[in-house]
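Please walk through this structure with attention to how its charged side chains are placed and paired. The explanation begins with one acidic residue and widens from there to the chain as a whole.

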Amino acid sequence: MEQARTRADSAASVLPAGVPEQRGAAGWHQVPEQTRGEHTHSETPLPRPRVERTSVRGQVLDALRAALVDGDLVPGEVYSAPALGDGLGVSATPVREAMQQLAREGAVEVVPNRGFRVTERSARELAELAEVRALIEVPVVLRLARTVPVAHWAELRPLADATAVAAAGGDRAHYAETDRAFHRAMLALGGNEQLVQVADDLHRRSQWPLPGGGPLSRRADLVADAAEHMALLAALEAQDLAVVQALVREHFAGAAD
């Protein structure tokens with residue numbers, strides 16, 4: 001028994017680092033990366049910064065989400081994990097894990113033996129997301145406008161400023177992050193963490209653009225959206241409920257256009 005264990009350990013030790021192993025009747029054997037059937041030729045590397053090795057999966061997921069918002073990952077196109085990994089300077093494994101998460105979020109779909117296809121959105125789908133977000137967020141913000149102390153609204157101003165800076169630079173990916181951060185912080189004042197998570201998931205899904213553009217696809221759109229954050233904060237600080245209601249409804253109506 002000891003000799004058998006020793007032979008198995010010895011066989012496993014000669015496998016290259018990072019290569020998965022399987023054990024069968026003949027002992028341990030190497031499973032090549034390419035057996036998953038994902039081809040890597042004739043694909044343009046993803047034009048994103050190479051990520052560091054620390055917390056690779058999380059960084060890859062952030063990079064892919066940014067690529068979705070920026071349109072670097074084109075709706076309808078199929079991408080293989082090895083090719084995306086080459087562009088990010090990582091192995092296919094964390095890319096595949098990140099893509100599985102994006103598949104659960106509805107951003108991509110698995111294409112057997114090929115990789116992942118970026119979901120093609122429709123104007124109707126984005127309008128439906130905006131409607132659901134409005135049903136959740138509008139009444140919550142109106143309730144908070146009546147109950148939250150005025151001083152707390154001033155604490156959100158740095159987040160609103162961050163959206164304005166990102167909008168002025170025309171950075172859609174950074175604007176998407178700052179926009180969600182502002183909305184999360186505002187909703188968090190209600191103390192319902194489950195609501196914040198649900199609203200943030202809907203918000204993220206609404207940020208993936210349509211082919212050829214869509215809501216917030218131009219710098220002017222980003223600047224106008226960020227300005228609404230500033231105006232909303234001013235109305236909340238002034239406790240002007242009529243203006244708050246008009247602004248928050250307009251904010252989501254714009255997201256549905």
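In this predicted model, D200 counts as buried because its relative accessibility is 13%, and buried means under 20%. This aspartate forms a salt bridge with R184, the closest N and O atoms being 3.2 Å apart. Since R184 lies in helix α8 (residues 172-188) and D200 in helix α9 (residues 193-206), the pair ties together parts that are 16 residues apart in sequence. The arginine of this pair is not enclosed to the degree that its partner is: R184 has a relative accessible area of 32% and is therefore partly exposed, whereas D200 is buried.

D200 also forms a salt bridge with R204, and here the closest N and O atoms are 3.9 Å apart, which falls under the criterion because a salt bridge requires the nitrogen to be within 4 Å of the carboxyl oxygen. Both R204 and D200 belong to helix α9, where they are 4 residues apart, about one turn of the helix. An α-helix has 3.6 residues a turn, so residues three or four places apart point the same way. R204 has a relative accessible area of 14% and is buried. Through shared partners, salt bridges join R180, R184, D200 and R204 into one network.

The structure holds 11 salt bridges, and another of them is formed by R65 and E105, whose closest N and O atoms are 2.3 Å apart. Because R65 lies in helix α2 (residues 56-70) and E105 in helix α4 (residues 92-105), this pair ties together parts that are 40 residues apart in sequence. Both R65 and E105 are buried.

Helix α5 (residues 123-147) offers a check on helix geometry. At 1.5 Å a residue, its 25 residues should span 36 Å, and its end C-alpha atoms are 36 Å apart, so the expected and computed values agree. The helix nevertheless contains a kink of about 30 degrees, centred on A134. The buried residues of α5 include L126, L129, A130, V138, V140, V141, L142, L144 and A145, and among them are also the charged residues R133 and E137.

Strand β4 (residues 108-111) is joined to strand β5 (residues 115-118) by 4 bridges, and the two strands run antiparallel. Within this pairing, E109 of the hairpin stands opposite R117 in β5. The hairpin of β4 and β5 has 3 residues between the strands, and N113 there takes a positive phi near 65 degrees.

Where does H229 lie? It is found in helix α10 (residues 219-238), and with a relative accessible area of 1% H229 is buried. Leaving aside residues up to four places away in sequence, H229 touches A160, T163, Y175, D179, F182, H183 and H251.

Taken as a whole, the protein chain has 11 helices and 5 strands, and of its 257 residues 38% count as buried. Among contacts between residues at least 6 apart in sequence, 70% join residues at least 24 apart. The accessible surface of the protein chain comes to about 13,500 Å², of which 53% belongs to carbon and sulfur atoms.

Notes: Residues numbered from 1 in each chain as written. Predicted model: local features only at pLDDT ≥ 70, side-chain atom pairs only at ≥ 80, totals over all residues. Heavy atoms only, no water. Salt bridge = Lys/Arg side-chain N within 4 Å of Asp/Glu carboxyl O. Buried < 20%, exposed > 50% of the residue type's maximum accessible area, 1.4 Å probe, protein only. Expected span 1.5 Å × (residues − 1). Bend = angle between axes of the 7 residues up to and from the residue. Pairing = 2+ DSSP bridges. Contact = heavy atoms within 4.5 Å. Areas by Shrake-Rupley, 256 points an atom, 1.4 Å probe, with all protein chains shown as cover.
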